[in-house]
Amino acid sequence: MKSNKYSRYREITGLLAGVAVLFVFMSFAAEGFFGWYNLHNVLKDLLILMVVASGMTLVILLGKIDMSAGSVMSLASIVTTLLLSYGINIVFALLGGLLAGAIIGLLNGYLVGVLNLNHFVATFATMSIAKGLALVACNGDIISSDSDVLLFIGTGKIFGLFFIVWFSAILLIIMFFLSTKTKFGYKIYSIGGSEQVARLSGIKTANVYLVTYVIAGVLAAVGGIFMAGKANSGNATIGDGYEFSVIATVLIGGTPFEGGKGGLLGTLIGAMFLAILKNGLSMLGFTPAWQYALIGLAILIAIVGDVSINERRKAEEKRRVGL
Amino acid sequence: MKRIVGFALNYYKIILLLAILAVSSSVTQDPLQNIKNMIMIQAPFVMIYSFGMTLAVITGGLDLSLGSIAAFSTCAAAFLIIKDQIFIGIAACLLIGAGLGLLNGLLITKAKVNPFIATYGMDWVIRGAVYIMMGGAMIYHFSSDFKIIADGSFLGISNLVYIALAILAILMFVFQKTVFGRNVYSTGANIKVSRLTGVNTDLVIVVVYMISGVLASTSGLLYVARLDCAEAFLGKNFGLQALAATLIGGTSLQGGKGGVGNTVIGVLIMVFLMNCLNVLKVSTLWQDAVFGLVIVVSALLEMAKQRYANYLQL
Amino acid sequence: MKKAFVVFLVVLFSISVFGVSAAPYPGAVGKKATLILKDLTNPVWIQAAEGAKAAAKDFGMQIEVVAPIVSNNNDEQIQLVQQAIAKRKDILILTPADSKGIVPAVTELNKAKIPVINLNTKINNESGRANSETFVVADNITCATLCATELARLANGSGEAIILQGPSGGQVTIDLTKGAEDTFAKYPNIKLVDKKEAKFDRATGYKVTQDMLITYPNLKIIFSCNDEMALGAVKAVEEVGKLGKIFIGGIDGNKDAMASIKEGKLNVTVFKNFWLQAYTAVEAAAKFLDGQKLPALIPVDLGIVTKENVEKYLAM
């Protein structure tokens with residue numbers, strides 16, 4: 001067990017070194033990058049990405065995917081602000097947003113875990129459904145919120161740090177604990193390793209799928225509420241395409257689609273990589289056209305690098321065992 | 001009863017298609033013209049790039065870079081076509097499509113990157129490249145010799161239909177009758193086993209992504225000829241549409257199953273459904289939700305069909 | 001070779017000296033500005049970037065033009081505002097993609113005491129927490145009103161109309177649709193029968209228009225939220241031989257659309273003059289930095305382009 005964990009940390013050191021190099025480079029090259037104000041904002045955006053990505057990490061650890069994450073963000077932001085605009089108490093409005101995420105998550109879990117639909121197909125469909133519901137609910141309009149509490153969630157600070165930073169940190173610690181120290185986390189890893197073996201060893205796989213997708217849905221909703229807070233308004237387009245960034249984050253962090261390998265720590269580094277890259281490129285003054293090309297290239301390089309490191313390690317292990 | 005259920009499940013896609021058609025025809029004043037629009041113009045475009053996606057899905061992957069390949073190859077070719085170098089332009093377009101597909105294939109086989117992330121990363125790179133190349137320009141007003149490819153018709157049937165059918169026929173032949181086609185299916189079904197049986201799976205995958213790239217360029221080129229304008233944002237929704245059509249058609253994401261024939265039905269269902277919503281005057285806001293529901297329902301029906309088949313065998 | 005280089009240097013030097021000494025707003029010289037646009041991949045917004053750069057050169061300012069990677073994305077615009085604050089810019093010119101959603105970012109700018117010039121789309125300041133120095137108006141509601149009025153005139157104030165929209169839920173779509181709806185509502189005989197999303201995309205505009213022509217055989221007016229979709233609509237209408245019977249209008253005024261107007265296919269577009277919009281906004285920024293007082297509104301001429309005057313716009 002211990003050596004296993006050791007190798008997992010070694011897996012991400014390469015990426016961590018990449019992030020460090022990127023950080024140092026941007027600090028020198030990009031005017032205004034290295035300063036508390038900017039880094040604090042980068043940290044905030046990184047953590048929003050990370051909160052959504054941590055749910056996605058659990059799903060991918062199961063060997064599945066959740067294409068609906070971005071749409072759930074839009075839906076949660078619309079539901080919360082819409083409830084607020086009806087004069088409903090902020091607590092219930094926030095719960096409403098989270099509930100919307102939970103319901104879509106439950107639907108995902110049911111389709112995948114109970115009905116055994118292909119996970120990609122099922123969540124690809126719920127992606128459309130959630131986006132559609134958001135559009136119908138807001139009638140194609142942007143919903144403004146006059147709530148100072150929502151604004152505080154998105155932009156307020158406690159002891160000099162953004163509320164989002166505190167809240168995400170707590171969430172991530174819980175998620176880290178859940179995925180590494182609990183029975184549930186163990187079940188996720190074992191199902192991802194081999195579903196059949198897990199089932200034979202008495203794990204109720206359907207329940208694990210349901211719970212994991214609900215967690216992913218709720219965390220995506222949290223991300224959507226953060227976005228709504230940052231803008232103090234709800235917008236049905238806010239999560240368009242966000243699921244791709246989230247999936248890229250998880251993969252860059254070293255959790256492959258096969259499942260059973262990787263974890264949240266890697267995803268955190270993946271999120272750091274993408275957030276620093278995006279902020280840095282923009283600060284360097286690259287036009288969106290160049291940013292498209294460079295971000296795509298960086299994602300590919302990060303993944304190719306990760307793959308080749310892993311391949312080499314595998315080959316090394318094989319030699320050691322004498323295969 | 002058993003017979004009826006069996007029949008309904010076996011032909012559910014055709015039944016669904018006919019039902020959609022019946023609804024849309026009953027509310028329009030000119031149903032013939034409507035069906036003609038769908039079959040002769042809208043479906044062929046979608047079909048050609050959806051075939052590319054289907055082939056990638058059969059190998060157990062997918063191709064999210066279809067749209068940007070279409071944009072990049074047509075924009076590059078448009079520089080030649082506008083100077084009346086039509087044949088060289090078309091050849092260049094298809095070659096670029098093949099080249100970009102080759103890059104996808106090499107990333108997947110040699111660099112061992114998962115197809116999802118490989119083609120997604122490539123999508124960003126290629127889209128960025130085409131934005132940089134065009135720098136905000138558009139190329140338009142091509143000669144009629146070029147436009148006739150997509151605008152013209154023969155015996156009252158649009159050229160688009162002939163092109164789509166020709167591509168379909170070639171793909172059907174290659175993927176059902178040749179060794180290469182069998183290798184593609186076996187690679188998709190189980191890559192390790194097929195490697196052990198001597199199939200050069202890397203080559204198979206690379207060639208499939210090249211074909212996918214060429215098909216993306218072809219449909220891009222037809223769009224450019226039809227709409228008389230080459231621009232950098234062409235095909236932003238190709239990838240997701242093609243994926244939806246492939247899935248509705250019943251090609252499984254596990255790989256090794258399905259085929260371009262299924263996708264023809266998938267595209268027709270998708271195109272006719274969107275048309276049906278439009279002619280029924282359903283608000284645009286509902287379209288996403290309905291679209292998602294249809295994907296779920298068709299996936300559930302596909303599963304029911306398979307379960308039923310297993311049940312009959314028992 | 002060497003001589004040429006020296007001459008070049010002299011020329012460069014004199015340009016810079018005379019350029020600076022001729023600067024109309026001495027207070028703005030050397031100041032750093034950021035222009036945040038909604039998009040930088042669309043040709044019309046690239047024109048805006050060029051206009052801003054030309055103005056910055058004329059007034060001796062340094063300008064950085066940025067835009068979200070995903071066009072019209074509010075969250076990315078918030079990040080861009082924060083980056084401008086981090087770079088301690090002297091002034092910010094902002095084209096919000098979401099007039100409500102940008103408010104917290106503008107509040108932050110106000111707190112950082114960075115003046116804001118609002119361009120193109122209005123920042124919603126109902127809360128009083130998002131102040132800007134001036135609004136350079138070329139807003140979408142006005143554009144839509146202009147285009148819809150011209151279409152209504154062409155159709156003699158009667159008939160069925162549809163609107164082709166950009167992505168649902170986006171600010172641009174909301175504003176343009178509102179402008180067109182309000183205008184058509186003024187004509188009792190014009191009936192707005194449908195609004196359809198065509199994603200700002202020519203191919204989708206073409207496809208949706210085909211469906212609309214079948215659904216509404218008596219269609220007379222197609223109002224499109226940009227020129228791309230309008231040109232798609234032109235193609236679909238042309239194929240059923242109804243050009244001249246159905247009136248089609250676009251927004252933006254790109255070159256391709258004007259060429260189509262010249263051929264007598266597209267009926268009208270609104271030339272938004274993005275180049276001039278950005279130039280005017282940068283000039284307003286320069287005036288402000290020079291200590292001049294700005295009016296609350298600075299209108300930019302929006303041109304209605306029709307067959308009669310298209311030559312003038314094509315020559316620009």
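**Exercise 1. Which residues line the second largest cavity?**

Before we start: this is a predicted model, where local features need pLDDT of at least 70 and side-chain atom pairs count only at pLDDT 80 or more, while totals for chains, interfaces and linings use all residues. Residues are numbered from 1 along each chain as its sequence is written, chains are lettered from A and ligands numbered from 1 in the order in which they are written, and side-chain values use heavy atoms, with hydrogens and water left out.

*Solution.*
- Step 1: pin down the term. On a 1 Å grid over the protein atoms alone, a cavity is a set of points where a 1.4 Å probe fits but cannot get out, and lining residues have an atom within 4 Å of a point.
- Step 2: list the lining. Chain B gives B:Val46, B:Tyr49, B:Tyr223, B:Leu234, B:Gly235, B:Asn237, B:Phe238 and B:Gln241, and chain C adds C:Asp201, C:Ala203, C:Thr204 and C:Lys207.
- Step 3: map them to elements (helices are DSSP runs of H or I, at least four residues; strands are runs of E, at least two). Two or more residues each come from α3 (31–58) and α12 (238–249) of chain B and from α7 (202–215) of chain C. The largest share, three residues, belongs to α7(C).
- Step 4: add the volume, about 100 Å³, taken as the space filled by probe spheres set on the points.

**Exercise 2. Work out what surrounds the second largest pocket.**

*Solution.*
- Step 1: a pocket is an open set with protein on both sides within 12 Å along at least five of seven lines. This one holds about 650 Å³ of space.
- Step 2: its lining has 28 residues, with A:Leu151, A:Thr155, C:Val103, C:Pro104 and C:Thr107 the closest to the centre.
- Step 3: at least two lining residues each come from α2 (36–61) and α6 (148–155) of chain A and from α3 (74–86) and α4 (103–111) of chain C.

**Exercise 3. Describe the six-stranded sheet of chain C and the helix on it.**

*Solution.*
- Step 1: write the order. The open sheet runs β2-β1-β3-β4-β5-β11 with parallel pairing (strands pair if DSSP finds at least two bridges between them).
- Step 2: find the edges. β2 (62–66) and β11 (297–299) of chain C each pair on one side only.
- Step 3: zoom in on one pair. β1 (residues 32–36) and β3 (residues 91–94) of chain C share four bridges, and C:Ile36 stands opposite C:Leu94.
- Step 4: add the helix. α10 (residues 274–289) of chain C touches β1, β2, β3, β4, β5 and β11 of chain C (contact means heavy atoms within 4.5 Å). Its direction makes about 165° with that of β4(C), using axes fitted to C-alpha atoms, for helices over the stretch in contact, and N-to-C angles from 0 to 180 degrees.
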